[in-house]
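Work through the exercises below with the sequence and the model at hand. Each task is followed by a worked solution.

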Amino acid sequence: MRLFFAVWPDNAARAALAQHAIGPWPRGTRPIRDDALHLTLAFLGDVDEAVLPALEALGAQLGQRCVPTRMRLAKFGHWNNGIIWAAPERTPKALTGLVAELRQGLAELGVESDTRRYKPHITLARRASHLPPLAPGAIVYPLDHLALVASEAGPTGQVVYRTLARWPLSGRKKRARSKPETPPLG
Ligand code: 2AM
């Protein structure tokens with residue numbers, strides 16, 4: 001199975017992302033279908049089905065431990081591999097933490113994933129020669145879950161993403177400990 005961990009945008013962000021290009025896409029561009037827009041946390045590639053229960057246990061554990069945050073997509077660009085992407089101006093600390101814990105958990109399971117610096121992005125289109133005119137403004141949505149997703153071939157050969165499991169991020173932010181009160185003198 002070809003697997004990855006991801007976060008799905010909520011419906012409002014999905015609609016905003018899908019409508020973000022206000023000019024026509026360059027010829028030959030393949031826009032990503034609205035229901036496939038996602039933020040990858042870790043790409044695992046082909047994984048033996050026997051590892052699935054361990055991956056699900058890892059997802060559940062991270063869901064309990066990691067804290068939700070807010071994603072603010074304010075950067076849009078084009079890479080020379082033809083990808084048009086949306087990215088946060090600053091990567092939220094909670095997202096960096098989640099990806100680090102995920103990578104560590106995967107390494108402990110002996111599952112290979114990317115070791116390069118994490119570059120959070122949502123792919124909006126592929127095979128684009130350049131960036132079309134885009135609407136101004138940021139797209140904001142909650143990063144409040146993680147999902148284990150299978151990438152499969154659909155009936156007409158197109159790639160289909162199937163969510164195998166999804167866990168809410170329910171960890172609590174650590175509060176700065178307040179100083180103990182000074183005992184009264186005397
Ligand atoms: P991309 O959109 O930048 O191509 C499913 O394929 C998801 O995993 C996509 O979001 C894709 O990112 C990401 N991914 C990361 N590394 C990949 C790889 N080596 N092959 C395919 N997808 C990869």
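**Exercise 1.** Find how far a polar side-chain atom of threonine 40 lies from an oxygen atom of the ligand, then look for other side chains with an N or O atom beside a ligand oxygen.

Solution. Step 1: in this predicted model, the distance from a polar side-chain atom of threonine 40 to a ligand oxygen is 2.6 Å.
Step 2: histidine 121 has a side-chain N or O atom that is 2.6 Å from an oxygen atom of the ligand.
Step 3: for arginine 126, an N or O atom of the side chain is 3.0 Å from a ligand oxygen.
Step 4: a polar contact is a pair of N or O atoms within 3.5 Å, so these pairs can be checked against that cut-off. The distances are 2.6 Å for threonine 40, 2.6 Å for histidine 121 and 3.0 Å for arginine 126.
Step 5: the ligand taken alone exposes 470 Å², and the protein buries 68% of that area.

**Exercise 2.** List the residues that surround the ligand and sort the shell by class.

Solution. Step 1: the surrounding residues are Arg2, Phe4, His38, Thr40, Phe43, Ile83, His121, Thr123, Arg126 and Tyr161.
Step 2: sorted by class, four are nonpolar, four are polar and two are charged.
Step 3: at least two residues of the shell come from each of strand E1 (2-7), strand E3 (39-46) and strand E6 (122-126).

**Exercise 3.** State where the ligand sits and describe the lining of the largest pocket.

Solution. Step 1: the ligand is placed in the largest pocket, whose volume is about 1100 Å³.
Step 2: 30 residues line this pocket, and the closest to its centre are His38, Ile83, Thr123, Arg126 and Tyr161.
Step 3: two or more lining residues come from each of E1, strand E2 (30-31), E3, E6 and strand E9 (159-168). The largest share, four residues, is from E3.
Step 4: by class, the pocket lining holds 13 nonpolar, seven polar and 10 charged residues.

**Exercise 4.** How many cavities of 30 Å³ or more are there, and which residues line the largest cavity?

Solution. Step 1: the count is one cavity of 30 Å³ or more. The largest cavity has a volume of about 40 Å³.
Step 2: its lining consists of Val7, Val67, Thr69, Ala94, Leu95, Leu98, Leu143, His145 and Leu169.
Step 3: helix H3 (residues 93-109) contributes the most to this lining, with three residues.
Step 4: the cavity lining has seven nonpolar residues, two polar and no charged.

Methods:
Residues numbered from 1 in each chain as written. Predicted model: local features only at pLDDT ≥ 70, side-chain atom pairs only at ≥ 80, totals over all residues. Heavy atoms only, no water. Near = heavy atom within 4 Å. Polar contact = N/O pair within 3.5 Å; in protein donor to acceptor, adjacent residues only side chain to side chain. Areas by Shrake-Rupley, 256 points an atom, 1.4 Å probe, with all protein chains shown as cover. 1 Å grid on protein atoms, 1.4 Å probe; cavity = no way out; pocket = protein on both sides within 12 Å on 5 of 7 lines; lining within 4 Å. Sits in = over half its atoms within 2 Å of the grid points. Nonpolar A, V, L, I, M, F, W, Y, C, P; charged D, E, K, R; others polar. Points joined across faces, edges and corners; volume = space filled by probe spheres on them.
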